[in-house]
Protein chains: 4
Amino acid sequence: MDEEQVSRRPGGRSARVRRAVLDATLAVVADQGLDKFRVGDVAARAGVHETSVYRRWGTRQRLLVDALFHHSEAQMQIPDTGSLRADLVAFTHSLIGYLSSPLGAAFMRVMAVVNDDAMPDSRAELWRSRVDLARTMIDRAAARGEVREGTDARLVLEQLIAPLHFRVLLLREPLDEDLAEQLVDSLLRGIAR
Amino acid sequence: MDEEQVSRRPGGRSARVRRAVLDATLAVVADQGLDKFRVGDVAARAGVHETSVYRRWGTRQRLLVDALFHHSEAQMQIPDTGSLRADLVAFTHSLIGYLSSPLGAAFMRVMAVVNDDAMPDSRAELWRSRVDLARTMIDRAAARGEVREGTDARLVLEQLIAPLHFRVLLLREPLDEDLAEQLVDSLLRGIAR
Amino acid sequence: MDEEQVSRRPGGRSARVRRAVLDATLAVVADQGLDKFRVGDVAARAGVHETSVYRRWGTRQRLLVDALFHHSEAQMQIPDTGSLRADLVAFTHSLIGYLSSPLGAAFMRVMAVVNDDAMPDSRAELWRSRVDLARTMIDRAAARGEVREGTDARLVLEQLIAPLHFRVLLLREPLDEDLAEQLVDSLLRGIAR
Amino acid sequence: MDEEQVSRRPGGRSARVRRAVLDATLAVVADQGLDKFRVGDVAARAGVHETSVYRRWGTRQRLLVDALFHHSEAQMQIPDTGSLRADLVAFTHSLIGYLSSPLGAAFMRVMAVVNDDAMPDSRAELWRSRVDLARTMIDRAAARGEVREGTDARLVLEQLIAPLHFRVLLLREPLDEDLAEQLVDSLLRGIAR
DNA sequence: GGATAAGCGAGACGGTACGTCTCGTCTTTTG
DNA sequence: CAAAAGACGAGACGTACCGTCTCGCTTATCC
């Protein structure tokens, strides 16, 4: 009875399965790590049959990308404090937080490994939208005259965030919280007028 | 010394097998790409039995790390032109060349994916030795008074090379040759006294 | 009942695979002999993937036991002629026929070699059911007053059939057809004057 | 000094290796069982290099046959009590003892499994010599008039010992000590009323 | 007593088959 | 019709053990 009421809700069984699988995906990645992530485990954890996963997502990679990408989307916040330095530090802080989490690290590893045909949109598109979002910090600073003319916003952002990814993906070192200020300062002394 | 531990007789069967397999590994990675890299293919190409590969390297991953790591070692050159900017540009250029090659890109993907227990020495050790090598450029410049005091050499290097890895691993964009100068200049304006 | 547990749908893919593999097993044993029996050959012959065999039977040994055991079951006939001697002779004849066949000999070698944990039921259980079947011959004779009181039916049967197995397994001699009568007579009369 | 004296003894190093390996073979079979019998273990236990084993015996099977066969030879005793029944009972007793030991059981399994080309002499020859030895019991009894004329000594012996092998090889049941008398009596008297 | 043949130690390799792991697909039944 | 259930197809991985090969060295034997 109770069960039936649940199943009649808008979205019905399909939506429930989708949510359950995505949640289970995140849970398994967080618990087991990317290496031991198995589609079968996800299905079991979601209380769903493995075939249902494959029906919907087709491949393990697509499932991972779908789940992790949407999860990462919620994490991204562009601060607006009125000061470039403060903005960048805050932004970097939150990125450090994300990349230090199992899911954040896993997402980056997935992005590093995955073949492009497992991506919903093109890989370039995906990153562009994020960079565009982040560059508003630079643009606003430029409007305030805080930034040297001719500064390449994208390059600046990459010099800011690439070291974080570098450490997470390749060095596998924990990200120090101080890193945010160090990076931003090193960067600003270069680009500040 | 190291060589002797692996195989007592430099011309012996052992040494031949080792060389043949490592060469074949690089060849297969370059030809087929990392995804289609199969231990069996390597063995066939090396004219060696598959079990011999497993005997020595144990796993596909360890084989990849061994071959790609040693290959990458030969690529690293630290220039000494007398000018920090010229050194860094030259260094970055050669790194761009390496990372643009199939083997370079493959090595970075391997490093991003591989579990630490497939590594011969600790991952930290491995990178430290390279960073130490690279920082001689900075140290020399510091001795010449080209560098602001208090500059963190490691951080600087990471801000220089991380964007390259970032693009190769995550963006999958080709590395523009101009990038070298852009990065170095952006960096120097920050650290130059 | 048993069949239903293995595969719910008698005509389904599962059942087809099962039959095909068991048949192929017998065919390969008969053709190639036990030594050259390879799981891969069976799969190929059955038109089935090797993993499907391992999924179901787990090991080469279990597959052999399953196939040969069920095959042997169909061979066992208990005659009822009204005379103990005639019964035993007929029974022994058919056993000689079976043990002289490649499959019969192979089954005995398998039983001699196989570890108990490759057996579906306990080894004791398996033989008991057969002995129980065979002892009906003795029991009927006892009811007819043909047998000395106190005769141990099991022991008698073993003295009848063990020499056949002995020759097949250890001597590797062909079983003479006359052997049936010789054994039965020796058994019935004893050798003491 | 002492060492040198030992090594100069007739047979020298070779003979020492041979003995050590054969002893180790028996020990490993007795300890580990036939299934887990590995040539490498034997070599290790004998304090000898694996290659030395292969040099001499060529195959695992030949090593097993050699070691177990010679060991079994020492076990066989033909009693001479003056009474057929007593002789047979004593003989059977000792056979039960042997077959109940790990080495005895293992030897029979080896004989059941081994290909004939691993045998030093022909298989038939090997058994014949033993049967001939055993039949002296019957022959002596015949000379004493204890045995019905026309009795086939070989068949009788097989009916006596085959059940023991049957139980060891196929039933894997422990051999009861009483079995000796039961078998002998059943054999001597027959079961017909 | 020195040459020489036979055999051993050491270490890896060749080779065959086994069994495992996971992904992704297919079929049949069920709500 | 979509999902549950359960096996199958496919392909690679890694393992286990057998038996072989090469080389350097030691030991027994022969002249």
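This passage describes two chain interfaces in a predicted model, that of chain B with chain A and that of chain D with chain C. Residues are numbered from 1 along each chain as its sequence is written, and chains are lettered from A in the order in which they are written. Local features need pLDDT of at least 70 and side-chain atom pairs count only at pLDDT 80 or more, while totals for chains, interfaces and linings use all residues; side-chain values use heavy atoms, with hydrogens and water left out.

Between chain B and chain A, 35 residues of chain B are in contact with 35 residues of chain A (heavy atoms within 4.5 Å). The buried area, defined as the accessible area (1.4 Å probe) that two parts lose on being put together, summed over both, is about 3,200 Å² for this pair, and carbon and sulfur atoms give 56% of it. Gln159(B), Phe166(B) and Leu170(B) supply 20% of the area that chain B buries against chain A, more than any other three residues.

Six salt bridges are counted between chain B and chain A (a side-chain nitrogen of Lys or Arg within 4 Å of a carboxyl oxygen of Asp or Glu). One of them joins the side chains of Asp116(B) and Arg172(A), at 3.8 Å from N to O. On the side of chain B that touches chain A, two or more residues come from each of helix 7 (102-113), helix 8 (123-143), helix 9 (153-171) and helix 10 (179-191) of chain B; helices are DSSP runs (H or I, at least four residues), numbered from the N terminus. Helix 9 of chain B gives the most, with 13 residues.

Between chain D and chain C, 45 residues of chain D are in contact with 45 residues of chain C. This pair buries about 4,300 Å², of which 54% lies on carbon and sulfur atoms. Six salt bridges are found across the interface of chain D and chain C. In one of these, Arg154(D) pairs with Glu173(C), with the closest N and O atoms 2.8 Å apart. Helix 7 (102-113), helix 8 (123-143), helix 9 (153-171) and helix 10 (179-189) of chain D each supply at least two residues of the side that touches chain C, and helix 9 of chain D gives the most, with 14 residues.

Chain D can be laid on chain C with an RMSD of 0.3 Å by a turn of 179° and a shift of 0.0 Å along the axis (least-squares superposition on the C-alpha atoms of residues with pLDDT of at least 70 in both). The two copies are therefore related as by a two-fold rotation axis. The same surface serves both copies, as 100% of the contact residues of chain D recur in chain C.
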